[in-house]
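Please open the model in your viewer and keep the sequence panel beside it, since each stop on this tour begins with a selection. The stops follow below.

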Amino acid sequence: MATLLMNVPQRFGYLFCLPKAAAMPLVVIAIALAGIAYSAPPAHAQTEGYEDEMGMEGYEDEMDMEMGMEEYDSDMYGSSGPGGRSRSGRGMSTQDLVAARLSAALTSAFESTNFATLADPAAAPPVQAGPVLLNDAIVAYAKGKHELAMRLYFGHIVAEYESAQNQLQLVKYSPLMKRPTWQLRWGISYAVRGDATDPQPIGDVNPAGRGGFGSGFDDSGMEAGMDDFGMEEDFGVPGGSRGPRGSGGPGMEGMEDMDSMEDMDGMDEMYEQEMMMMGSGRARTRAAAPAALSPADRLAALDVTMLSEEAETSLSNTLGMVTTILGEEFDRRYTQGDFGRAMTDVTAESGSVETVSEEFVQLIESAGDSLPLWRPGIVFLGEGDSSDNVRRAQKAGLDLIIHLDVLLKPLRGEYTQNISRCRLLHVPTGKSLGVSKTIDSLEFAQKARTKNMASRDYIGEQLANFFGIIDRETITTELPSLTPAIASKRIGSLLASGGGLNLRTLAEVRLFQSQQLLNEDEVLTAFDIVGGEEAMALIYGSEEERLRIVRKWAAGRTSDEE
């Protein structure tokens, strides 16, 4: 019975196409009307002879003893009935008391319900308007789960094929990788050697006002002062408040009185709610169960960000303005689609977080620690030898690495000469595609002094040839026209390489299917080879089944290599 009553608002809302929150007042009104309709005859008809039966002897003597309690009840709960009787119900039948409470609840429901909004579409829970997996991919990217996001993106193309035509049009061709590509996957790493321990990289130095050797101005003193001020504000000083609005200071007595009045009002409301639940008798204190968090709330509570502050700090502390300029130049090429057009517009605020599902949040929670994003489109591999980072990148399915070699040489006066070079590495082969000119903090200090050169100008000159190598080797082009024979050969090589439940492979099958380069039998054969019955369900299964399988595959793989 309890379960049935709990489901009444939901069923009522479903019947009239209303959200559960809007249906609740109408259910209360219906119950109230039913209670009044089936109430017993007036109280005087039921209590006739009651006084004769019980007798009045000694009643007047007890009145004086009970007046104190009745006044207390009247103050706490208000009065009901003639003569300001207490809410104990003395002189009223149970039916009259229930009818009175239902009547009060009916009035309250009418007064608290905004009937104009009951049919408002905005009152309904948010519903995902577009493809579910595409939104999942965007939100995962915005939460820093780049590897998972790409699997879900390919899953969108595979399992939501009819609504993925726009994404199929974004594919480009990489001459370097010799394949169609939605987005080249980049990584950045660095290695440090030398006898000095303080990197002292080149900072943002302008000709008009240079800072110290190889660095800009230091505002740590100001930051320390602000920290001290914040500590005083948070914790105050011994003996109480630092200001008139502090704890225990003047002006707080009125606030305490207001809190007391609010507590009294809350007790009265709690009494009426308990009377509705119990039907009669005194209200009993019950602890309210905490409301369950929605998937959006759970996602917001996770300690995840799109870009890694640790990666930025590690690179900046070692290389200073070198990584700043590298990042700016990479961002420009990435956003204009030079490395591919898939999800280049995703930011930390992208995606419909309000409509994510419980299953998606569980996928994010169980995704584990993936390689952090330094900038959109490029992950941080960390510090280490280039060969070690190449192997790590191969395991993660990356295509290219920007690797920085740093040499730290101690100078007189506790100064450090910071010398660095950038290398572009082709991950599948581990080969170097080119090296930048040397960036030397000592050389820059001399040019800044003699030629009034800014650090941006100096670093830009030294990296100009490196950006030329990137533009020559890695820029993608429009996908050329292909023949069915070429498409079949490409899919055959992907299937022969294995890789298991690879959503990237099936996305490319869908690409050639959309271009009518593969017939239906070839498509079905490719799906069957990759994933058997589950892969076939990605074509013919229900939406719920397709979502489940894609999320399962996305969670079970370490990488989906292109």
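## First stop: a helix and its surroundings

Begin by selecting Asp136, which in this predicted model has its place in helix α7, residues 132-142. Its relative accessibility is 2%, and Asp136 therefore counts as buried, the cut-off being under 20%. If you set aside the neighbours within four places in sequence and display what is in contact with Asp136, you will find Leu152, Phe360 and Arg551.

Now extend the selection to the whole of α7, and ask how many of its residues are buried. The count is 10 of the 11 residues, so α7 is largely enclosed by the rest of the structure. The buried residues include Val132, Leu133 and Leu134, as well as Asn135 and Tyr141. Following α7, select Gly144, whose phi is positive, near 85°.

## Second stop: aromatic pairs

A search of the whole structure finds nine aromatic pairs. For the pair of Trp186 and Phe339, the ring centres are 4.9 Å apart and the planes stand at 50°, so this pair is tilted. Trp186 belongs to strand β3 (residues 186-194), whereas Phe339 is in the loop between α14 (321-335) and α15 (358-365), so the pair ties together parts that are 153 residues apart in sequence. Both Trp186 and Phe339 are buried.

From there, select Tyr190 and Phe380, whose ring centres are 6.5 Å apart and whose planes meet at 20°, so the pair is stacked. This pair, too, links distant parts of the chain, with Tyr190 in strand β3 and Phe380 in strand β5 (residues 378-383), 190 residues apart. Tyr190 counts as buried at 4% relative accessibility, and Phe380 counts as buried at 10%.

Return to Trp186 and add Phe330, Tyr334 and Phe339 to the selection, because these four residues form one aromatic cluster.

## Third stop: charges over rings

Two further selections show arginine side chains set against aromatic rings. With Arg375 and Trp374 displayed, you can see that Arg375 lies over the face of Trp374, at 5.3 Å from the ring centre. With Arg510 and Tyr161 displayed, the charged end of Arg510 is found over the ring of Tyr161, 4.4 Å from its centre.

## Fourth stop: a cavity and one of its lining residues

A search of the whole structure for cavities of 30 Å³ or more finds four. The second largest has a volume of about 50 Å³, and to see what surrounds it you can select Pro201, Ile202, Thr318, Leu319, Val322, Asn418, Ser420, Ile439 and Ser441, which line it. The elements that give two or more residues to this lining are α13 (309-319) and β7 (416-426).

Keep Thr318 selected from that lining and look at its own setting: Thr318 lies in helix α13, and at 8% relative accessibility it counts as buried. Which residues are in contact with Thr318, once its neighbours within four places in sequence are left aside? They are Tyr190, Val192, Pro199, Pro201, Val406 and Asn418. Two of the lining residues, Thr318 and Ile202, are 116 residues apart along the chain, and their C-alpha atoms are separated by 9.3 Å.

## Fifth stop: two positive phi values in loops

Select Met343, which has a positive phi of about 55° although it is not a glycine. Met343 is found in the loop between α14 and α15, and at 6% relative accessibility it counts as buried.

Then move to Gln516, another residue other than glycine with a positive phi, near 55°. Gln516 lies in the loop between α20 (503-514) and α21 (520-540). Is Gln516 buried or exposed? At 70% relative accessibility, Gln516 counts as exposed.

## Last stop: the whole chain

Finally, clear the selection and display the protein chain as a cartoon, in which the secondary structure comes to 22 helices and 10 strands. Buried residues make up 40% of the 562 residues, and the chain exposes about 31400 Å², of which carbon and sulfur atoms supply 53%. Among contacts between residues at least 6 apart in sequence, 70% join residues at least 24 apart.

How values were computed: Residues numbered from 1 in each chain as written. Predicted model: local features only at pLDDT ≥ 70, side-chain atom pairs only at ≥ 80, totals over all residues. Heavy atoms only, no water. Helix = DSSP H or I, 4+ residues; strand = E, 2+ residues; numbered from the N terminus. Buried < 20%, exposed > 50% of the residue type's maximum accessible area, 1.4 Å probe, protein only. Contact = heavy atoms within 4.5 Å. Areas by Shrake-Rupley, 256 points an atom, 1.4 Å probe, with all protein chains shown as cover. Phe/Tyr/Trp six-rings, centres within 6.5 Å; stacked < 30°, edge-to-face > 60°. Lys NZ or Arg CZ within 6 Å of the ring centre and 35° of its normal. 1 Å grid on protein atoms, 1.4 Å probe; cavity = no way out; pocket = protein on both sides within 12 Å on 5 of 7 lines; lining within 4 Å. Points joined across faces, edges and corners; volume = space filled by probe spheres on them.
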